[in-house]
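User: Please take a close look at the sheet in this protein, and explain how it is put together and how its surroundings relate to the bound ligand and to the division of the chain into domains.

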Amino acid sequence: SVPLTFFAGIGGASRQGVLIKGGNYMDTLAKLRMVVFDKTGTLTEGKFSVTDIHPEKISKDELLHLAAHVERYSTHPIAQSLRLAYGHEDDNCEVSEVEEMAGHGVRACINGKQVCVGNRKMLDDMGIKIDTCKRCIDQVATEVHVVIDGEYAGHILVADLVKKDTVEAIQMLKKAGIDRLVMLTGDKENVAKQVADSIGMDEYHAELLPVDKVKIVEKLLNHSSVEHRGTLAFVGDGINDAPVLARADVGIAMGALGSDAAIEAADVVLMDDKPSKIETAIRIARRTIGIAR
Ligand code: ADP
Ligand code: MG
């Protein structure tokens with residue numbers, strides 16, 4: 001049975017914007033030693049802005065037009081930014097056969113043309129080789145490549161911002177005795193490194209597919225018994241995060257920007273998307289467990 005004080009703890013947490021979906025998570029939160037984060041939308045705003053457009057053989061506007069329309073139905077933060085940058089919907093544009101490729105991008109048929117929008121992994125899978133653009137390596141931006149009917153058509157650079165709250169959140173967790181903080185991302189290596197360095201995150205893994213994230217969390221979980229390692233939380237926001245959220249001892253989702261699937265799969269929801277609320281949850285849980293004993 002769950003001690004009555006757990007309900008008081010859950011109530012107190014909810015008043016601070018932390019929804020805890022059951023008394024059993026109080027114990028798990030109190031014993032946290034490892035926190036694994038998804039990058040995009042969790043540590044960063046997940047609101048990308050277009051910083052550069054490099055078309056090949058077509059105009060900048062045409063490249064952005066095609067990319068925005070392929071992304072018409074996608075909930076990925078990159079999709080939203082491309083639609084916003086393009087500005088308006090072209091009603092004469094026929095979009096069909098839309099298919100999301102998790103960790104890669106999205107493809108669709110636009111006015112009879114097969115258009116793919118995504119990262120280098122997507123290009124590799126399609127057997128398309130491009131010259132590494134010097135300007136792209138220097139920029140701390142995410143590359144969004146576009147392929148039209150199997151031919152490379154250029155790329156759009158998009159950049160995201162670290163949340164105001166993130167650096168403080170990491171420091172608070174370290175102070176609270178969380179001794180392993182890990183960032184996981186599907187984004188490219190140099191973007192991951194720049195973000196990790198700027199927020200004081202010691203460990204990160206980049207260019208991951210959703211299945212790779214699950215594997216890394218499983219490896220961390222199997223390292224030793226709960227008594228020795230403490231418990232592990234995964235914090236995420238995205239459509240692709242649900243499997244990892246379910247696998248962690250406690251899955252924490254962003255509630256405001258987060259996808260419904262992530263909120264559904266999570267054990268704890270941070271209503272205002274602030275990473276510093278993880279420490280709030282731990283503090284409340286430790287106090288609640290202390291009172292129950
Ligand atoms: P993360 O949240 O760590 O970025 P995701 O699995 O959501 O991980 O995405 C990994 C990468 O796949 C992105 O950084 C991006 O390069 C590419 N990607 C995924 N979905 C899309 C999309 N709808 N449009 C463009 N690129 C995408
Ligand atoms: Mg994500």
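Analyst: Two strands are taken to pair if DSSP finds at least two bridges between them, and the strands themselves are DSSP runs of at least two residues, numbered from the N terminus. The structure is a predicted model, and what follows should be read in that light.

The sheet is open and consists of six strands, which follow one another in the order 3-8-7-6-5-4 with antiparallel pairing. Its edges are formed by strand 3 (49-55) and strand 4 (95-101), each of which pairs on one side only. From one strand to the next, the twist averages 20°.

Within this order, the pairing of strand 6 with strand 7 can be followed to single residues. Strand 6, residues 113-118, and strand 7, residues 142-148, run antiparallel and are joined by four bridges; Gly118 has His145 of strand 7 as its bridge partner. Across the sheet lies helix 4 (residues 60-70), which spans strand 3, strand 4, strand 5 (105-110), strand 6, strand 7 and strand 8 (151-159), and runs at about 105° to strand 5.

The sheet also has a part in the surroundings of ligand 1. Strand 5, strand 6 and strand 7 each give two or more residues to the shell around the ligand, as do helix 3 and helix 5 (77-86). Of the 23 residues in that shell, Thr40, His76, Asn119, Thr185 and Gly186 come nearest to ligand 1. By class, the shell comprises 13 polar, six nonpolar and four charged residues, and at least three residues are drawn from each of the two domains.

Those domains are domain 1 (4-45 + 162-292) and domain 2 (49-159), and their centres, taken over C-alpha atoms, are separated by 31 Å. Where they meet, 13 residues of domain 1 are in contact with eight residues of domain 2. On the domain 1 side, helix 3 (39-43) and helix 9 (189-199) each supply at least two residues, and the largest share, three residues, comes from helix 9. This side has seven polar, four nonpolar and two charged residues. Helix 3 thus appears in both settings, giving residues to the ligand shell and to the side of domain 1 that touches domain 2.

Technical notes:
Residues numbered from 1 in each chain as written. Chains lettered and ligands numbered in written order. Predicted model: local features only at pLDDT ≥ 70, side-chain atom pairs only at ≥ 80, totals over all residues. Axes fitted to C-alpha atoms, helices over the stretch in contact; angles between N-to-C directions. Contact = placed C-beta atoms within 7 Å. Domains from an automatic or database assignment. Nonpolar A, V, L, I, M, F, W, Y, C, P; charged D, E, K, R; others polar. Near = placed C-beta within 6 Å.
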